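Me: Could we go through how the two chains pack together? Here is the model.

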2 protein chains.
Amino acid sequence: MRSKPKILDRRVVAESRLFRVEQIDLEFANGARRTYERVPGSGNDSVMIVPMLDAETVLLIREYGAGSERYELGLPKGVVEPGEDPLEAANRELQEEVGHGARALRVIDRVSLVPGYIAHRSLIVLAQDLYPSRLPGDEPEDIEVIPWRLDALDALLAREDFDEARAIAALFLAQRALAAGD
Amino acid sequence: MRSKPKILDRRVVAESRLFRVEQIDLEFANGARRTYERVPGSGNDSVMIVPMLDAETVLLIREYGAGSERYELGLPKGVVEPGEDPLEAANRELQEEVGHGARALRVIDRVSLVPGYIAHRSLIVLAQDLYPSRLPGDEPEDIEVIPWRLDALDALLAREDFDEARAIAALFLAQRALAAGD
C-alpha cells in the first residue's frame, strides 16, 4: 500500500454562500508535486432515499434541478442536519418530499459523488413499510410523486430525465438488497 | 408538464482556476422565488470507462482522490477535450491510465453527478477487445491496475475504498449491457 501524499499547503481560493474552494499542494511518495482544487464540504453526509410503496414499486419524484436547468426524475434526498440521526433525516426528507413516512429504514451503502474534487458522502437509505404523513419542507413548489415498478427499470434508465448516477446506483443497490431477502 | 422557472438574474459570485460559482434567481410557475448556487461547468462531458479484459473481468484502477484525501478503487475517467470525439477521449484515457487500448468502444449511458448544483454530464463507455498500449498521461505517479471479476461484485461493493456512485452505476449498467448480449 502506498503512503498518502504529503499536504504541503492548503488555502481557500474562492468562497460563496454555499461553496468553498480550496487549493492543496501535494507531494506524492515518488516526489512528484501537484496542486489540486477541491470543495471540502460541510462534513455532513447527505441521504438519498429509496422509498418502496410495496415490494415492487418505488416512489420517484420530479423536481427542478438548478444545476441541470430542467425538471428531473429522481429520488428524495437531503442533507443530514448537525446532530441529526441519518435515518431520522431520511424519514424527515421522505415526509417533506414524498408525503410518506417509513416504519423500516436502513442504510444500504455510503457513496461519494465526485471523489476527485468533492469531499462529500451520501448514505443510500432503503425505506419500507410506508404510511402517509406530510411535513412542510422548503421546496418552492409541490413535488410530483411518480410510482415506478422496479420490473420496468429498463424503461426508466432509457429516459433522458432520469440520469443521476447516484439514483441509478441506489436503485440497483436496493434491488440487490431486496432480492437478498433482507 | 410544468413550465420551467423563469431565470430572473444570474451572476458569478466566486471563481477559482477550476470552479466558477453562479447565483441564479428563479421564479417558479406558482410565483415562488428562490436563489440557488450552482457550478455551471465547462460544457464538456467527461467519460468513465468500463474496460473489460475478458467477458468476466473488469480492470479497476487505484488512485489518490484529492477530494476524499485517500487512495480509491475506481474506473478510469477523464474530460473530453474540446473538439475531441468522446470515444477517442475514452480510448486515450484508457491508454494513459490503464495501459490498454480498446478495439470496441460504445456509450452505454450519459449520467449527471450532482444535478441540483453542477451542470456536468459523464458518458459511461463500455470498452472491449483490449490490447496493450500506453500513452503518457499527466498523472503524478503510476496508476495501479487491478483486475476484478464481475461475479465478485458483492465483495467489491463491500469495500470502503470503492464508493463512487458513478462507478457503481457504471458497473451495474455494463453488467446489464453484457447480459443483454449486446
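Reply: A polar contact is taken here as a pair of N or O atoms within 3.5 Å, where, within protein, one must be able to donate a hydrogen and the other to accept it, and residues adjacent in sequence count only if both atoms are side-chain atoms. The model is predicted, so local features need pLDDT of at least 70, side-chain atom pairs count only at pLDDT 80 or more, and totals for chains, interfaces and linings use all residues. Side-chain values use heavy atoms, with hydrogens and water left out.

Me: How many residue pairs are in polar contact across the interface of chain B and chain A?
Reply: The rule finds 38 such pairs, both residues being at pLDDT 80 or more.

Me: And how many salt bridges between them?
Reply: Twelve, counting a side-chain nitrogen of Lys or Arg within 4 Å of a carboxyl oxygen of Asp or Glu. One of them joins B:Arg121 to A:Glu72, with the closest N and O atoms 3.7 Å apart.

Me: What area do chain B and chain A bury?
Reply: About 6000 Å² between them, 57% of it on carbon and sulfur atoms, where buried area is the accessible area (1.4 Å probe) lost on putting the two parts together, summed over both. In chain B, the most area is lost by B:Arg2, B:Pro140 and B:Arg176, together 11% of what that side buries.

Me: Switching to symmetry, what rotation superposes chain B on chain A?
Reply: A rotation of 180° with 0.0 Å of shift along its axis does so, at RMSD 0.0 Å, fitted by least squares on the C-alpha atoms of residues with pLDDT of at least 70 in both copies. That is the relation of a two-fold axis.

Key. Residues are numbered from 1 along each chain as its sequence is written. Chains are lettered from A and ligands numbered from 1 in the order in which they are written.
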